[in-house]
Amino acid sequence: AEWEPQDAILLAWPHEKTDWLPILNQVTEVYVELICQINRFETVIIIAPELNPVHEALQNRDLDFSRIILHQIDTNDTWIRDFGPLTVYDDNQPQLLDCNFNGWGLKFPADKDNQATRHLYDTGIFKKIQRFASDLVLEGGSLESNGCGTLLTTAACLLNPNRNPHLDKKGLEQRLSCLLYTSDAADDMQCVDLG
């Protein structure tokens, strides 16, 4: 659930090859302000294709740099909630789920975004937490959970032929159940069409 305790906030830095290009300077300022606010309370992990622009934007700011972690990782865009890792728990141990991201149904390039979690994992930042890769195509932002067995998602998104053409509603329920839940509560999972 989004209100669970967390160790850090993960951000992907905007750059010239993102859809922010026309307003990159303004968006960069928004990111800097966002980082300043997050940094007051917790660690910020930033991935970026080039680190110099990040250093330049953050210099001379009132920041606790011991709570800012930078990693040079190439991305297509900044929407890391959709292409970054999902945290799931097995026997109260966190694990990283790395699903397949295809640029919102092949609308945009996603080859670099789809590799970002693996590259970040390879840095060792997640310490001893295991990473599990899945071929299920989804955006992390398409999932909402209360952390206790209830999951909300959009069937129109996940069952769209440009994402998971081999799955039907029951197959999607089973895949999500296996990936996200390790308890018997998952046996009660079912997709409900809300309109």
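**Exercise 1. Classify R61 and its salt-bridge partner by exposure in this predicted model.**

Solution.
- Start with R61. Its relative accessible area is 30%. Buried means under 20% and exposed means over 50%. R61 is therefore partly exposed.
- Find the partner. R61 forms a salt bridge with E29, and the closest N and O atoms are 3.3 Å apart.
- Place the two residues. R61 sits in the loop between helix 2 (52-58) and strand 3, while E29 belongs to helix 1. They are 32 residues apart, so the pair links distant parts of the chain.- Classify E29. With a relative accessible area of 42%, E29 is also partly exposed.

**Exercise 2. Compare the ends of the D135 and R175 salt bridge: buried, partly exposed or exposed?**

Solution.
- Take the geometry. The side chains of D135 and R175 meet at 2.9 Å, N to O.
- Locate the ends. D135 is in strand 6 and R175 is in helix 7 (residues 169-180). The pair links distant parts of the chain, 40 residues apart.
- Apply the cut-offs. D135 has 53% relative accessibility, so D135 counts as exposed. R175 has a relative accessible area of 23%, so R175 is partly exposed.

**Exercise 3. Find how K170 and E173 are placed in helix 7.**

Solution.
- Count along the helix. K170 and E173 are three residues apart, about one turn.
- Recall the helix geometry. An α-helix has 3.6 residues a turn, so residues three or four places apart point the same way.
- Check the contact. The two side chains, K170 and E173, meet in a salt bridge of 3.7 Å, N to O.
- Check burial. E173 has a relative accessible area of 7%, so E173 is buried.

**Exercise 4. State how many salt bridges the structure holds.**

Solution.
- The total is 10 salt bridges.

**Exercise 5. Decide whether T43 is buried or exposed, and list its contacts.**

Solution.
- Place the residue. T43 lies in strand 2.
- Read the accessibility. At 17% relative accessible area, T43 is buried.
- List the contacts, leaving aside neighbours within four places in sequence. T43 touches D7, A8, I9, I38, R67 and I69.

**Exercise 6. Identify the buried residues of helix 5 and what covers them.**

Solution.
- Pick out the buried positions. In helix 5 (residues 113-122) they are D113, N114, A116, T117 and L120.
- Name the cover. It includes strand 1 (8-12), strand 2 (43-48), strand 3 (68-72), helix 3 (80-83), strand 5 (93-100) and strand 6 (130-137).
- Look just past the helix. G124 takes a positive phi of about 90 degrees.

**Exercise 7. Describe the largest pocket and its lining.**

Solution.
- Take the volume. The largest pocket has about 2,000 Å³.
- Take the lining. It has 50 residues, and A1, Q6, P85, L86 and T87 lie nearest the centre.
- Sort the lining. There are 28 nonpolar, 12 polar and 10 charged residues.
- Find the top contributor. Strand 4 gives the most, with five residues.
- Add other contributors. Elements that each supply at least two residues include strand 1, helix 1 (24-39) and strand 7 (144-145).

**Exercise 8. Describe the largest cavity in similar steps.**

Solution.
- Count first. The structure holds one cavity of 30 Å³ or more.
- Take the volume. About 50 Å³ of space lies in the largest cavity.
- Name the lining. D82, F83, G84, L86, L97, D98, C99, F101, L138 and G140 line the largest cavity.
- Assign elements. Helix 3 and strand 5 give two or more residues each. Strand 5 gives the most, with three.
- Sort the lining of the largest cavity. Six residues are nonpolar, two polar and two charged.

Technical notes
Residues are numbered from 1 along each chain as its sequence is written. This is a predicted model: local features need pLDDT of at least 70, side-chain atom pairs count only at pLDDT 80 or more; totals for chains, interfaces and linings use all residues. Side-chain values use heavy atoms; hydrogens and water are left out. Buried means under 20% relative accessible area, exposed over 50%, partly exposed in between (1.4 Å probe, protein chains only). Helices (H or I, at least four residues) and strands (E, at least two) are DSSP runs, numbered from the N terminus. Contact means heavy atoms within 4.5 Å. On a 1 Å grid over the protein atoms alone, a cavity is a set of points where a 1.4 Å probe fits but cannot get out, and a pocket is an open set with protein on both sides within 12 Å along at least five of seven lines; lining residues have an atom within 4 Å of a point. Grid points are joined across faces, edges and corners, and a volume is the space filled by probe spheres set on the points. Ala, Val, Leu, Ile, Met, Phe, Trp, Tyr, Cys and Pro count as nonpolar, Asp, Glu, Lys and Arg as charged, and the others, Gly among them, as polar. A salt bridge is a side-chain nitrogen of Lys or Arg within 4 Å of a carboxyl oxygen of Asp or Glu.
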